[in-house]
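Colleague: I should like to learn how to read a structure of this kind. May we go through some features one by one?

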Amino acid sequence: MLLIACPYCGERPEIEFSYGGEAHIARPADPSALTDDQWAEYLYMRTNPKGTHSERWRHANGCGRFFNAVRDTVSDFFVVTYKSGEPRPDLPVKRVV
Amino acid sequence: MQSFSAFSLLRRAFGGHTSWQPQWRTPEPKAAYDVIIVGGGGHGIGAAYYLAKEHGIRNIAVLERGWLGGGNTGRNTTIIRSNYLFDESAALYEHSVKLWETLSRELNYNVMYSARGVLMLAHTIHDVQVFKRHVHANRANGVDNEWLTAAQAKEFCPPLNISPTLRYPVLGGSLQRRGGTARHDAVAWGFARGADAMGVDIIQNCQVTGIRRGANGAVEGVETSRGFIGAKKIGVSAAGHTSVVMAMAGVRLPLESFPLQALVSEPVKPAFPCVVMSNTVHAYISQSDKGELVIGAGTDAYISYSQRGGLHIPQHTLDAICELFPMFRRMRMLRNWGGIVDNTPDRSPIIGKTPVPGLYVNCGWGTGGFKATPGSANVFAWTIAKDEPHPINAPFTIDRFRDGFLIDEAAAAAVAH
């Protein structure tokens, strides 16, 4: 089980959290202006990297708030967690093949 | 290729088992091939087999980064069924079950396909209504499936606890009698042996690190840990690593990779007659011919390539197993592992062409790809050979996510939802 540092509550076990998928995917400001390809990209296409991944988590059984995290999908170690709305920390991006 | 028969077994037994040959070669990669398959699991090696057998293309290499069948082919719970709801899925999975039924004879290799029946339990009124709908839809598609009452389910699977005092009592179930299990390693080995005999080069410990494209965008070959290998066509069958491999050609896919866990118990004498699945309480269980209970647990919540996961995931499944089958409460579990599965948003696979000329992909099997191994390999081979999809896999394109023709398969394994 992972140990996750909620930016509001501190370190808590994984079962207190729910996963929210890839972070920093902004809803299009004008959805009706999008082509089908752009809409499919927004809805369905994901980076799914082997390496560092920016993702959303929610402290569902705690403070209930969403936050973002950078996690290594090879080791599952959390590099950093940060509050929603803050930019992704300027960290080196790791990619493994 | 040495042919296996009762006679050949006897003859070599009396000869001290000294004249058996290796079942496939260990070739060095050639400079170029007509087709390269990336991924030496059941789906990939099967595609090479059918390319050679049915389409006359024999200058093929299968590149496997680890060992043959060492990925999800060796990590699944070996359940076979075709009772999917939608017409597109029913056609695909039924094609596969029909191939399973004759696969041992086709390959001259015992894949131990055992049609012992797959029983899916209903625990709520909603389950009952949905399962009955599935039974009718399946039968309209020529797929066998029948509704059992709780008492009939108990008769079919005596260890089942149908007490009305359970937290989620068994209200009945749907039974596909032609469903069952097969020996997962034997599928990879049987296809490998057959493909190798037709000239396919199976190259293990050869990791693809790049896909080279020409000026017109078409593929020219792959960079590997053993040097560049040329190819006019490349078929990617890389399961959980599909996103990683396809990114080498600049293709983004609607995939996310999750660890899916499974576990086996200590081996015991035959005690469990069929496969039982319960989507609602999340339990998947059968008994292997070796005697181990083979138990499918869930996916972890987060994307990962770590081939392991949290212990609370299998614990949740074991809670359900202990309630449904009280006689297993004192069984000891021996091994627990994870495999990396690539899920699509609609839980149906993608088998077809890609925006890159000469590059084909067979992915998105998520939590339920083993059952489809021969059927998927068969239509993928057709797609590569003819540069167009077989009618069965024509609906399973990447474009369906753009065009809105999703195949939102509710009968996919519950672990995916």
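Modeller: We shall discuss the interface, then a helix, then a single residue. This is a predicted model, in which local features need pLDDT of at least 70 and side-chain atom pairs count only at pLDDT 80 or more, while totals for chains, interfaces and linings use all residues. Residues are numbered from 1 along each chain as its sequence is written, chains are lettered from A and ligands numbered from 1 in the order in which they are written, and side-chain values use heavy atoms, with hydrogens and water left out.

Colleague: How much area do chain A and chain B bury between them?

Modeller: The size of an interface is often given as the accessible area lost when the parts come together. Here the buried area (accessible area, 1.4 Å probe, that two parts lose on being put together, summed over both) is about 2300 Å², with 55% of it on carbon and sulfur atoms. In chain A, the residues that lose the most area to chain B are A:Y44, A:N48 and A:V97, together 29% of what that side buries. By contact (heavy atoms within 4.5 Å), 26 residues of chain A meet 29 residues of chain B.

Colleague: Which side chains meet in a salt bridge between the chains?

Modeller: A salt bridge is a side-chain nitrogen of Lys or Arg within 4 Å of a carboxyl oxygen of Asp or Glu. The count between chain A and chain B is 1; A:E41 and B:R252 form a salt bridge at 2.7 Å, N to O. The largest share of the side of chain A that touches chain B, 4 residues, comes from helix 1 of chain A. Helices are DSSP runs (H or I, at least four residues), numbered from the N terminus.

Colleague: How many residues of helix 9 of chain B are buried?

Modeller: Buried means under 20% relative accessible area (1.4 Å probe, protein chains only). In helix 9 of chain B, 11 of 14 residues are buried, including B:F380 and B:I384. The expected span of a helix is 1.5 Å times one less than its number of residues. Helix 9, residues 373–386, should therefore span 20 Å, and its end C-alpha atoms are indeed 20 Å apart. B:D387 follows this helix, with a positive phi near 55 degrees.

Colleague: What is the nearest side chain of opposite charge to B:R193?

Modeller: Lys and Arg count as positive and Asp and Glu as negative; His and the chain ends are not counted. B:R193, in helix 6 of chain B, is buried yet has no salt bridge, and the nearest such side chain, B:D196, is 8.6 Å away. A polar atom of the B:R193 side chain does lie 2.6 Å from the backbone oxygen of B:Q2.

Definitions and conventions:
Helices (H or I, at least four residues) and strands (E, at least two) are DSSP runs, numbered from the N terminus. Buried means under 20% relative accessible area, exposed over 50%, partly exposed in between (1.4 Å probe, protein chains only). A polar contact is a pair of N or O atoms within 3.5 Å; within protein, one must be able to donate a hydrogen and the other to accept it, and residues adjacent in sequence count only if both atoms are side-chain atoms.
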